[in-house]
Amino acid sequence: MSRYLVWLRADLRSIDNTALLAACKEKDAEVACVYAITPQQWQAHDVAGVRVDFELRTLAVLQKTLATLNIPLLILDVPDFKGLPKALAELAQQHRISAVHANRQYEFNETVRDDAVASVLENSGITLTLHHDQCAVPPGTLFKNDGGFYSVFTPFKRMWLARLATAGCQPQPAPQKRPGKFTESDAIPDKVAGFFSHVKPETARTWWPAGETAALNRLADFSAKHLNDYLDKRDLPAEEGVSRLSPYLAIGTLSPRQCLNAAFNHRARHGESAGVDQWIAEIGWRDFYKHVMVGWPRVCKHRPFKLETDPLPWRHDEKEFRQWCEGRTGFPLVDAAMRQLQQTGWMHNRLRMVVAMFLTKDLFIDWRWGEKFFMQHLIDGDLSANNGGWQWSASTGNDAVPYFRIFNPVSQGRKCDPQGHFIRQYLPELSTVPTPSIHEPHGHEPEGKAQAILFSGYPLPMVDHRMARDRVLAHFKDLKSPPARL
Ligand SMILES: Cc1cc2nc3c(=O)[nH]c(=O)nc-3n(C[C@H](O)[C@H](O)[C@H](O)COP(=O)(O)OP(=O)(O)OC[C@H]3O[C@@H](n4cnc5c(N)ncnc54)[C@H](O)[C@@H]3O)c2cc1C
């Protein structure tokens, strides 16, 4: 009888898991899953404590689901990726495993790790098979006419949708129950030393219940109640307009195929809808940034996508950076957004753009500082989406619009939170500010200074937006070759 091992990484689910299904293809094969806790590697990758907590909670649920299929879930505890080849090979030999299956990860360090694991396993006569699973359309399979990767989203989306129409993206069911099991499951720890979640446990559990059922319920609820209105509401953080599925997609409790399938079914039942189309496009952005990461691996190495922006003299002002991190910039929408991140481990997409644009354009602080801070605090921290979002905001990345896209944090507030409901929720110190003043509680200079006293210490704006705008434009113009339209 054959024995297979499935190495789970960012695919913590039993349904529509390509590697798990491949391992369970033979009816009689015995299968176990393994997950590796690699704390030093996670520290090096800035994995947030709240995300580690979410993964551990998810593994505990998944272990129970897998047990019903006679598939034990084992845990390896090794400090970093370097220790993995030996640890996995020993585990495989101990259980007389003939092949290991895993779903591909596309980040640079992860691909180096997988090469090393494959070669050590091979020395023991065990194959490692890597499957495409993380994207609806696998990276490295969608190219421009000239054979290159797409660097601009709109043409990418066109081809991506065409590919989905021909190749389909139907999710697969969970595998069939195994006839028996060759070992018992390991206990799932509830903590990993060195990782502390900045989000209160009760908040984390309420906002982010763990497991496939929770993820599928959220997907069903979003499809039924909000998908149709997505286009109108997706930029309003005070409304329930977005799915909040990103943490589940980031650790793979949910697959992009399950999301797309829900959207396509909605369209089939209720007809065309701009909201559905837009949401499908967002899943496309997720794929797009993974394709970019494979095409230009330098984005995994702190390098700008647009190399001509490399000489920009980004500022490294610790004090101003702290003010931004702590939500004390004096711009209510920016500060409320940063408090949302601190309190929930998540931030609304429009606000991620606003705060990233503020850090990089208004403060002209290095986008890499913001990228790192986000990874350290996001429950959905994902290298490609996070890097893509930061570089887009800093005009060093895949924005087809040139560098003069600069958000005004006050007018963004007026557009996205017109009544100030979101701001008041996260900035209680502004709860009594009347709506017409909520986006500029201190008013305009010079009377503004006097008003500052009224709002329980809420800071004055830390920067003059017009001056900041001129400064950043000047820096981009000073480049020997300013970045061109993509
Ligand atoms: C500076 C910045 C940093 C970001 N960091 C991350 C990150 O670390 N992890 C992450 O998953 N997303 C990141 N995003 C993308 C986006 O903000 C989140 O995916 C989104 O807010 C998640 O909320 P949701 O699940 O309600 O999204 P919905 O609006 O419901 O969209 C559905 C799904 O589509 C995907 N998606 C949506 N927008 C984007 C996008 N712009 N890029 C890539 N995928 C997208 C997500 O998987 C999301 O769950 C970042 C964006 C910016 C501007």
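A polar contact is a pair of N or O atoms within 3.5 Å; within protein, one atom must be able to donate a hydrogen and the other to accept it, and residues adjacent in sequence count only if both atoms are side-chain atoms. The model is predicted, so that local features need pLDDT of at least 70 and side-chain atom pairs count only at pLDDT 80 or more, while totals for chains, interfaces and linings use all residues. Residues are numbered from 1 along each chain as its sequence is written, and side-chain values use heavy atoms, with hydrogens and water left out.

**Exercise 1.** Describe the polar contacts and the burial of the ligand.

*Solution.*
1. Asp380 places a polar backbone atom 2.8 Å from a nitrogen atom of the ligand.
2. For Arg244, a backbone N or O atom is 2.6 Å from a ligand oxygen atom.
3. Tyr230 uses an N or O atom of its side chain, 2.5 Å from an oxygen atom of the ligand.
4. The ligand taken alone exposes 820 Å², and the protein buries 96% of that (Shrake-Rupley method, 1.4 Å probe).

**Exercise 2.** Characterise the interface of domain 1 and domain 3.

*Solution.*
1. Domain 1 spans 3-134 and domain 3 spans 307-478, with bounds from an automatic or database domain assignment.
2. Contact (heavy atoms within 4.5 Å) joins 9 residues of domain 1 to 9 residues of domain 3.
3. The buried area, i.e. the accessible area (1.4 Å probe) that two parts lose on being put together, summed over both, is about 720 Å², with 56% from carbon and sulfur atoms.
4. On the side of domain 1, Asp46, Val50 and Arg51 lose the most area to domain 3, together 60% of what that side buries.

**Exercise 3.** Which residue forms a salt bridge with Asp46?

*Solution.*
1. A salt bridge requires a side-chain nitrogen of Lys or Arg within 4 Å of a carboxyl oxygen of Asp or Glu.
2. Across this interface the rule finds 1 salt bridge.
3. The partner of Asp46 is Lys372, the closest N and O atoms being 3.2 Å apart.
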